[in-house]
Amino acid sequence: MTGARILDGKATAATVRAEVRERAQGLAGRGRAPGLTVILVGDDPASHVYVRNKDKAAHEAGFTVRTLRLPATASQRDVEALVEAQNGDPAVHGILVQLPLPKGLDAERVIARIDPSKDVDGLTAHNVAALTLGRPGMRPCTPLGCIELLDRHGLALEGREVVVLGRSMLVGKPLAALALERNATVTIAHSRTRDLGAVCARADILVAAVGSPRLVQGAWVKPGAVVLDVGINRLPDGTLAGDVDFEPARERAAWITPVPGGVGPMTIAMLLANTLRSAERAATPSAAVL
Ligand code: NAD
């Protein structure tokens, strides 16, 4: 067997980012460069890496970027006030609060403060409802990145069996909703699912978003399936692994994402795309009501 083709998120993200940069240049030429604010609270090392990557990518796309840092001792009020100040700034089109927040802070209340039109992570109740209702709105970046990766490789969702492992608000649930919107037949599996292997084996498109290294065994993959591995797990030796046991899964799948270099880069590309669209809407107010 030759093995699956690689769904190269790094290369696809580079294409998306180049497209975003071109459109951002158009806006910047009119003095309306897309503005992204990233709020980072505390000292979580992984969060610092993620924020640095987002900051760099947004700069490269020609955005105006603000990375605002608060200490882990910041109060709920401090964080919410920072969000509100960004809501009121017309030069800011996207606000991202890096999660998780330090213990003692209520992330849900912070997110509720974000103006839905600037909620580039798609996590406010307004945008979650919009997705469920099938209305326009900001969609969460990681699920959107998964769909974009499929689209750009001509891998259709309509009529396919999609199995999503994980039911988080950040990945699993919105991904299931997006797949449903595309007329897939969707199953959400989770920690209480019985016989996970049998459920996975039904999938034409299998998405793993659990956070458990190599949980998905090769034998669970239906021959010819598309496998999207969202998981990012740091192993004791310092290397990264996804939620899928890559090599055996690759033997059976038709397409598979690597970790790193799969879904991760697409997440950042979609953050830029969401911020760009928000900036474009702000630049043409009449479009906001369409
Ligand atoms: P989460 O912890 O919020 O949710 C994990 C989900 O997995 C839960 O719904 C839980 O029910 C399910 N689960 C736990 N154990 C299970 C098991 N044994 N079998 C089946 N389901 C099980 O995590 P999350 O925020 O959704 O992130 C999931 C993974 O994706 C993590 O590794 C995270 O680092 C990664 N992630 C990657 C990106 C990216 O850009 N690539 C973005 C976000 C998250």
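Which exposed residues does the face of α5 turned away from its buried side carry? The first close-up takes up that question, and the views after it visit other parts of this predicted model.

**View 1. Helix α5 has a buried side and a face turned away from it.** The answer to the opening question is Ala125, Thr132 and Leu133, the exposed residues on the face turned away from the buried side. Helix α5 runs over residues 125-133, and its buried residues are Asn127, Ala130 and Leu131. Looking down the axis of α5, these buried residues fall within an arc of 100°, so they line one face of the helix. An α-helix has 3.6 residues a turn, so residues three or four places apart point the same way. What do the buried residues of α5 pack against? Their partner is α7, residues 172-181. After α5 comes Gly134, with a positive phi near 75°.

**View 2. Helix α6 is largely enclosed by the rest of the structure.** This helix spans residues 141-151, and 9 of its 11 residues are buried, so the rest of the structure largely encloses it. Please look for Cys141, Thr142, Pro143, Leu144, Gly145, Cys146, Ile147, Leu149 and Leu150, which are the buried residues of α6. What surrounds them? The buried residues of α6 pack against helices α1, α7 and α10 (263-283), and also against β7 and β8 (226-229).

**View 3. The ligand has 20 residues around it.** Which of them come nearest? They are Arg167, Ser168, Val230, Ile232 and Thr267. Ser168 brings a polar side-chain atom to 2.5 Å from an oxygen atom of the ligand. Thr267 likewise has a polar side-chain atom by a ligand oxygen atom, here at 2.7 Å. For Val230 the atom to find is a backbone N or O, which lies 3.3 Å from a nitrogen atom of the ligand. The ligand taken alone exposes 850 Å², and the protein buries 70% of that.

**View 4. Val16 is a buried residue of helix α1.** Helix α1 covers residues 9-29 and includes Val16. The relative accessibility of Val16 is 4%, so this residue counts as buried. Leaving out residues up to four places away in sequence, Val16 touches Glu148, Arg152, Met266, Ala269 and Met270. How far from Gly35 is Val16 in space? The two are 18 Å apart, C-alpha to C-alpha, with a sequence separation of 19 residues.

**View 5. Thr67 makes a polar contact with Asp55.** Thr67 sits in strand β3, made up of residues 64-70. Is Thr67 buried or exposed? With a relative accessible area of 18%, Thr67 is buried, because buried means under 20%. The polar contact joins the side chains of Thr67 and Asp55 at 2.5 Å. Beyond residues up to four places away in sequence, Thr67 touches Val38 and Val51 as well as Asp55.

**View 6. Ala201 lies in a loop and contacts Trp220 and Lys222.** The loop in question is the one between α8 (196-200) and β7 (205-208). Ala201 is partly exposed, with a relative accessible area of 33%. Its contacts with Trp220 and Lys222 are those found when neighbours within four places in sequence are left aside. Ala11 is 190 residues from Ala201 in sequence, and their C-alpha atoms are 29 Å apart.

**View 7. Two cis peptide bonds and two positive phi angles are worth a visit.** Most residues other than glycine have a negative phi, and most peptide bonds are trans. Between Leu99 and Pro100 the peptide bond is cis, with omega near 0°, and Pro100 belongs to the loop between β4 (94-97) and α4 (107-112). Val259 and Pro260 are also joined by a cis peptide bond, with omega about 0°; Pro260 is in the loop between β11 (255-256) and α10. Asp195, although not a glycine, has a positive phi of about 50°. This residue is in the loop between β6 (185-189) and α8, and at 54% relative accessibility Asp195 counts as exposed. Arg214 has a positive phi of about 55°. Its loop connects β7 and β8, and at 45% relative accessibility Arg214 counts as partly exposed.

Terms used
Residues numbered from 1 in each chain as written. Predicted model: local features only at pLDDT ≥ 70, side-chain atom pairs only at ≥ 80, totals over all residues. Heavy atoms only, no water. Buried < 20%, exposed > 50% of the residue type's maximum accessible area, 1.4 Å probe, protein only. Helix = DSSP H or I, 4+ residues; strand = E, 2+ residues; numbered from the N terminus. Arc of directions from axis to C-beta. Contact = heavy atoms within 4.5 Å. Near = heavy atom within 4 Å. Polar contact = N/O pair within 3.5 Å; in protein donor to acceptor, adjacent residues only side chain to side chain. Areas by Shrake-Rupley, 256 points an atom, 1.4 Å probe, with all protein chains shown as cover.
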